[in-house]
Amino acid sequence: MSADCLLILFTIVATIYSQPLIPDASSKKQEDSPRWLNAWVVQLLLNLLGYASVLVPGYIVIQLIKRSSYLKHPDDGFVRRSVRLFVQGLPSSELLAVKSPSLFSGIGEKSLLKQCASLSFCSAGLLTSYLIWGLLQERIMATKYNQGDGSEENFRNSLFLEFMNRILAVFIAVIILFFQNSPTHKAPVYMYCYNAFSNVMSSWFQYEALKYVSFPLQVLAKACKVIPVMLMSRIIMKKTYTVLEYMTGFMISIGLFMFLVNSEDTVRVKGHEATASGVILMSGYLLFDTFTVNWQGKLFQTYQMTSIQMMVGSNLFAIVFASVSLLEQGGFAEAYAFMSRHPSFIFHISILAAASSVGQLFIYYTIHEFGPVTFTIIMTVRQAISILLSCIFFHHPVHFVGLVGVVICFGAIFVRIYYTGYKRSHSVASPVK
């Protein structure tokens, strides 16, 4: 019975793949397509339809396997073990027995000096890779590409950018995983699909938002992300925070907002308005992004996988989601046609994918070592540093209110670091009763 159901489901999926939902765009420019087709709401619905063609059959298959006696069969061949790893992971008894060390030693085992060095390394890697990524993202999505006849056009297929980022990230992670002596993987593989889906969605919302709001306005929105991450952490990871931790998170957000809103780089951009579409898209980005980092933190906490194992699993599912949606919408043909008209786009997307892949290495490592809130603080401060460097190198003025915001932001960060170290030292020193 279950085998017949599987055959029917796979036949349906194969039939869906056989015909793109949108006509082939290889012979037409994107502007020739109906205007309604380029609306972000329509694109979102088409993307969700593509994801549903994977998620719904996948959910049904997993439920059928769990309810059947397939995994209880005494035969333990390769196929059955693979299915068990995908659906169940290691049994709870084996999960408790396996004490494999992670790829990186835990933060509790490090001295304060090593923790500071590790945090500085993570911060530098994140800042460098995502400063480059941010510049390329705005260049591709917000700047028109010139054509030979003097006309200009934008690249609009943000999902293709996400697909390229994931392909290179998986390639790099698999190479690292091949040469690393990694611990036994314990988590059910399908659990990566949750953060992969939310990660793809957050990236899509972010790319799409650039069509409606300026990049500096995106920076302002991201500056307020610390508190949402802490609130999501309470829901997903059941973590509790003190009043001081909430206050420092709020001060970081307020300080960065004061600095960024008074920066010349932010206010000088014209022709972009924070429309209703821009607000909705940025809200979608914040919702999915806060879920992503907290779900990854929950998986790290529960199953103790390495950051590279997390990177491979998450990106493989993200590739499946993105490729299915692109196939159904004819997105690959559309992107190929754009590349043929604009060869410089190939260079831009290559650098974007490289920066994203390196950044992901630091993302998973930082969340693994320090948790989602610390990672969010680093990425939030990155916004201020990018604007501050611009002010230094290009002599943009910084107003007094902006300087006060910088003092508030970094003051809150130092208070938080001191409080975290104080709390950890007292928890270690307290006798176990």
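Tyr419 lies in helix H17, which spans residues 400–429 of this predicted model. Beyond its neighbours up to four places away in sequence, Tyr419 touches Thr242, Leu244 and Glu245. The pairing with Glu245 bridges 174 residues of sequence. In space, the two C-alpha atoms are 8.5 Å apart.

Contacts across long stretches of sequence recur throughout the chain. Among contacts between residues at least 6 apart, 86% join residues at least 24 apart. The protein chain contains 17 helices and 2 strands. Of its 433 residues, 47% count as buried. The accessible surface comes to about 21,500 Å². Carbon and sulfur atoms account for 69% of that surface.

Helix H9 covers residues 226–236. Its buried residues include Val226, Val229 and Met230. Met232, Ser233 and Ile236 are buried as well. These six residues lie on the same side of H9, because they cover an arc of only 165° around the axis. The spacing follows from helix geometry: an α-helix has 3.6 residues a turn, so residues three or four places apart point the same way. After H9 comes Lys238, with a positive phi near 60°.

Ser158 belongs to helix H6. The relative accessibility of Ser158 is 1%, so this residue counts as buried, the cut-off being under 20%. With neighbours within four places in sequence set aside, Ser158 is in contact with Met141, Trp204, Tyr207 and Glu208. Helix H5 runs from 112 to 142, and helix H7 from 192 to 209. Met141 therefore falls within the range of H5, and Trp204, Tyr207 and Glu208 fall within that of H7.

Internal space was examined next. Rolling a probe the size of a water molecule over the atoms shows where empty space is left. The structure holds 2 cavities of 30 Å³ or more. The largest cavity contains about 400 Å³ of space. Its lining is made up of 25 residues. Closest to the centre are Tyr130, Asn199, Ser203, Asp289 and Ile363. By class, the lining comprises 9 nonpolar, 10 polar and 6 charged residues.

Several helices contribute to this lining. At least two lining residues come from each of H5, H6 and H7. The same holds for H12 (276–303), H15 (344–370) and H16 (372–394). H6, the helix that holds Ser158, is thus one of the elements around the largest cavity.

Notes:
Residues numbered from 1 in each chain as written. Predicted model: local features only at pLDDT ≥ 70, side-chain atom pairs only at ≥ 80, totals over all residues. Heavy atoms only, no water. Helix = DSSP H or I, 4+ residues; strand = E, 2+ residues; numbered from the N terminus. Buried < 20%, exposed > 50% of the residue type's maximum accessible area, 1.4 Å probe, protein only. Contact = heavy atoms within 4.5 Å. Areas by Shrake-Rupley, 256 points an atom, 1.4 Å probe, with all protein chains shown as cover. 1 Å grid on protein atoms, 1.4 Å probe; cavity = no way out; pocket = protein on both sides within 12 Å on 5 of 7 lines; lining within 4 Å. Points joined across faces, edges and corners; volume = space filled by probe spheres on them. Nonpolar A, V, L, I, M, F, W, Y, C, P; charged D, E, K, R; others polar. Arc of directions from axis to C-beta.
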